[in-house]
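User: Got a minute to go through this one with me? I'd like to poke at a few spots.

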Amino acid sequence: MSRPARRRVAVVGTGAIVSGSHLSALRAHAERVELVAAVDVDQGRLDAFRELAGDEVAGFTSVDEMLDAVRPDLVLIGTPPSLHREQTVAALKTGAWVLCEKPLTLSLAEYDEIAAAEEASGAYASVIFQHRYGSGAVHARELITSGELGAPRVAHCQTTWHRDAAYYAVPWRGTWASEGGGPTMGHGIHQYDLLLHLLGPWAEIRAMAARLVHDTESEDVSTALVRFENGALATVVNSVLSPDEVSRIRIDCADATVELTHLYGHRNEDWTYTPAPHVASERADAWRTPTADVPSSHAAQLGALLDAYDNGVRPPGSGADARATLEFAAALYKSAFTGHAVLAGEIAPGDPFYPAMHGDHPHWAPKERV
């Protein structure tokens, strides 16, 4: 079977995440993709990126101009979150597939606009949730979903990071209009997306959120209790107030505890399996992580998307799958701000938390600018 032609790729935004993670991912798949264009409103930053990526990469300061001139197969988006919906929809309308940094949108309403654009164009938009794609995560999901570790019972999901005042001095950080939320949307979303990927659909959330340190519109810490459809109970913590930074997932199943401890990315060695006392050592030995060690990364997710493109099927991290993670964020905010439990599927058109994560709550709505 002949190999498909190299996909023509454009990047939108040329800041650190694109010049670092996305560019290295493209180079890792150089036999499958060709970077043909880059877009940035900052000409100096664009020029610096083209020098790094290669002068053959065409430069543009307008997304629409680039789409008209280049007609790429795939668009990688690494701009501030408030631009994601508009840029994703524009790319989809030309028939290009999209791989966008998280969050794909700032609300469920915006997400559903993208779903409509997908339906109209036949192209797909995926969101970067790279922690799903490392070999350790793939292995853990196979063990859990197959029932090999027994029924999941208790879980902990922890994103305890630290961000100082200088971090929030960047103009587009800390506001609902630009980021859609605080660490619940911008930091912990990677970890609880992986939790949902491992445990399946959630059913109910009870949450709290607070501004304890930073002068932002959104929270700087949130906590949640979660009930999953399979009966498992979990705690989720999202913080930018924690000097000792760690990202952690622990799932206690009937026959084993599986743990992942890392910070911004994991390898096989970051996963451990502890068998229950009744489990034979021969069975536990079979749980060890696979020989091949694929780190969680943009490169791993890009490879999965290219496989889907070659096969003409919906890529992972898109559609209802990705929407479920965004719905989790919306439900966490609604529960935290209203003080009530929120059920899966509850937030629909007409609910104040459907068009905005703050739900226009008097204490949490955007501040008036003077």
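User: Let's start with the proline at 103. Where does Pro103 lie?

Analyst: Pro103 is in the loop between strand S5 (97–100) and H5. Keep in mind that this is a predicted model.

User: And what kind of peptide bond joins Lys102 and Pro103?

Analyst: A cis one, with omega at about -15°. For context, most peptide bonds are trans.

User: OK, on to H5. At what angle do H4 and H5 pack?

Analyst: About 5°, and their axes are 9 Å apart. Angles under 35 degrees count as roughly parallel, so H4 is roughly parallel to H5.

User: Which residues make that contact?

Analyst: H4 brings Arg85, Thr88, Val89 and Leu92, while H5 brings Glu110, Glu113, Ile114, Ala117, Glu118 and Ser121. By class, the contact of H4 with H5 has 4 nonpolar, 2 polar and 4 charged residues.

User: Switching to pockets. How much space is in the largest pocket?

Analyst: About 960 Å³. It is lined by 36 residues, and Ile17, Gly78, Glu101, Trp172 and Arg173 are the closest to its centre.

User: Which elements give two or more residues to that lining?

Analyst: Helix H1 (16–28) and helix H4 (84–93) do. H1 gives the largest share, 3 residues.

User: What's the mix of classes in the lining of the largest pocket?

Analyst: There are 14 nonpolar, 15 polar and 7 charged residues.

User: And what volume does the second largest pocket have?

Analyst: About 230 Å³. Of its 15 lining residues, Leu196, Gly200, Pro201, Asp321 and Ala324 are the closest to the centre. Helix H6 (135–145), helix H10 (189–199) and helix H13 (319–338) each give two or more residues to the lining. That lining divides into 7 nonpolar, 4 polar and 4 charged residues.

User: Let's stay with H6 then. Which of its residues are buried?

Analyst: Ser135, Gly136, Ala137, His139, Ala140, Leu143 and Ile144.

User: What covers the buried residues of H6?

Analyst: The cover includes H10, along with strand S7 (152–162), strand S11 (241–253), strand S12 (256–262) and strand S13 (271–275). Also, Gly147 follows H6 and has a positive phi, near 85°.

User: Now Leu332. Is Leu332 buried or exposed?

Analyst: Buried: the relative accessible area of Leu332 is 0%, and under 20% counts as buried. The residue is found in helix H13.

User: What is Leu332 in contact with, leaving aside neighbours within four places in sequence?

Analyst: Thr184, Ile205, Ala207, Ser222, Ala224 and Asn238. As for Met357, which is 25 residues from Leu332 along the chain, the two C-alpha atoms are separated by 9.2 Å.

User: Back to backbone angles. What's the phi of Arg71?

Analyst: It's positive, about 50°, although Arg71 is not a glycine. Most residues other than glycine have a negative phi. Arg71 has its place in the loop between helix H3 (63–70) and strand S4 (74–77).

User: How accessible is Arg71, buried or partly exposed?

Analyst: Partly exposed, with a relative accessible area of 46%.

User: Last one, Asp360. What about its phi?

Analyst: Asp360 is not a glycine either, and its phi is positive, about 55°. The residue lies in the segment after strand S14 (342–343). Asp360 has a relative accessible area of 57%; over 50% counts as exposed, so Asp360 is exposed.

Note on methods. Residues numbered from 1 in each chain as written. Predicted model: local features only at pLDDT ≥ 70, side-chain atom pairs only at ≥ 80, totals over all residues. Heavy atoms only, no water. 1 Å grid on protein atoms, 1.4 Å probe; cavity = no way out; pocket = protein on both sides within 12 Å on 5 of 7 lines; lining within 4 Å. Points joined across faces, edges and corners; volume = space filled by probe spheres on them. Helix = DSSP H or I, 4+ residues; strand = E, 2+ residues; numbered from the N terminus. Nonpolar A, V, L, I, M, F, W, Y, C, P; charged D, E, K, R; others polar. Axes fitted to C-alpha atoms, helices over the stretch in contact; angles between N-to-C directions. Parallel < 35°, antiparallel > 145°, perpendicular 65-115°, else oblique. Contact = heavy atoms within 4.5 Å. Buried < 20%, exposed > 50% of the residue type's maximum accessible area, 1.4 Å probe, protein only.
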